[in-house]
Amino acid sequence: MAKTVKRRQFPVTPAYAFTDHRSQGQTIPYVIIDIAKPPSGGQLTLFSVYVALSRSTGRGSIQILRDSNEVLFNKPMDPYLKTEDER
């Protein structure tokens, strides 16, 4: 009795990921950013979004993985960051 095996293969591209804290001070040629709520349950801040978006070499090399919550971009600035910015 002959058996048939079907296999489906997907192309895989080697890559790696790291957090916005790890990426500080680096310039990365191509960036894919996920600005959705973190799976750890923590809060995403404007500062961490800024860090993630500012790591690439330009607008043409950034891809945003999925839509974000607009509420994040309408929050008032954290008083600590405002004081630090004024300093």
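Is Pro-76 buried or exposed? Pro-76 counts as exposed, because its relative accessibility is 73% and the exposed class starts over 50%. The model behind these values is predicted.

## The loop between H3 and H4

Pro-76 sits in the loop that links H3 to H4. Helix H3 covers 70-73, and helix H4 covers 79-86. Pro-76 and Leu-46 are 30 residues apart along the chain. Their C-alpha atoms are separated by 9.7 Å.

Met-77 belongs to the loop between H3 and H4 as well. Met-77 is also a member of a nonpolar surface patch.

## Nonpolar surface patch

The patch consists of Phe-47, Tyr-50, Met-77, Tyr-80 and Leu-81. Together these residues have about 560 Å² of accessible area. Two elements, H2 and H4, each give two or more residues to the patch. Helix H2 runs over 46-53.

## Nonpolar core

The largest nonpolar core holds nine residues. They are Ile-28, Val-31, Ile-33, Ile-35, Leu-44, Val-49, Ala-52, Ile-62 and Leu-72. Strand S1, residues 31-33, supplies at least two of them. Helix H2 likewise supplies at least two.

Val-49 shows how parts of the chain meet in this core. Beyond its neighbours within four places in sequence, Val-49 is in contact with Ile-35, Leu-44, Leu-72 and Phe-73. Among these partners, Ile-35, Leu-44 and Leu-72 are core members too.

## Helix H1: Arg-22 and Ser-23

Helix H1 spans residues 20-23 and includes Ser-23. Arg-22 lies in H1 too. Arg-22 counts as exposed because its relative accessibility is 52%, and the cut-off for that class is over 50%. Ser-23 has 4% relative accessibility, so it counts as buried.

A polar atom of the Ser-23 side chain lies 2.9 Å from the backbone oxygen of Asp-20. With sequence neighbours up to four places away set aside, Ser-23 is in contact with Phe-18, Ile-28, Val-51 and Arg-55. Ile-28 is one of the core residues. Val-51 also gives a reference point for Arg-22: the two C-alpha atoms are separated by 10.0 Å. Along the chain, Arg-22 and Val-51 are 29 residues apart.

## The loop between S1 and H2: Asp-34 and Pro-39

Asp-34 is placed in the loop between S1 and H2. Pro-39 is in the loop between S1 and H2 too. What exposure class does Asp-34 fall into at 35% relative accessibility? Asp-34 counts as partly exposed, because that class lies between the 20% and 50% limits. Pro-39 reaches 89% relative accessibility and therefore counts as exposed.

Ala-52, a core residue, serves as a reference for both. Asp-34 and Ala-52 are 18 residues apart in sequence, with 8.9 Å between their C-alpha atoms. Pro-39 and Ala-52 are 13 residues apart in sequence, and here the C-alpha atoms are 17 Å apart. Asp-34 also touches Leu-65 and Arg-66, leaving aside residues within four places in sequence.

## Ser-61, ahead of strand S2

Where is Ser-61 placed? Ser-61 is in the loop between helix H2 and strand S2, the latter running over 62-64. Ser-61 counts as buried because its relative accessibility is 8%, and buried means under 20%.

The Ser-61 side chain reaches the backbone oxygen of Gly-58 at 3.0 Å. Ser-61 touches Pro-29, Tyr-30, Val-31 and Ser-56, not counting residues up to four places away in sequence. One of these partners, Val-31, belongs to the largest nonpolar core.

Note on methods. Residues numbered from 1 in each chain as written. Predicted model: local features only at pLDDT ≥ 70, side-chain atom pairs only at ≥ 80, totals over all residues. Heavy atoms only, no water. Helix = DSSP H or I, 4+ residues; strand = E, 2+ residues; numbered from the N terminus. Buried < 20%, exposed > 50% of the residue type's maximum accessible area, 1.4 Å probe, protein only. Polar contact = N/O pair within 3.5 Å; in protein donor to acceptor, adjacent residues only side chain to side chain. Contact = heavy atoms within 4.5 Å. Patch = residues over 30% accessible without salt bridge, like charges linked within 9 Å, V, L, I, M, F, W, Y side chains within 5 Å. Areas by Shrake-Rupley, 256 points an atom, 1.4 Å probe, with all protein chains shown as cover. Salt bridge = Lys/Arg side-chain N within 4 Å of Asp/Glu carboxyl O. Core = buried A, V, L, I, M, F, W, Y, C linked by side-chain atoms within 4.5 Å.
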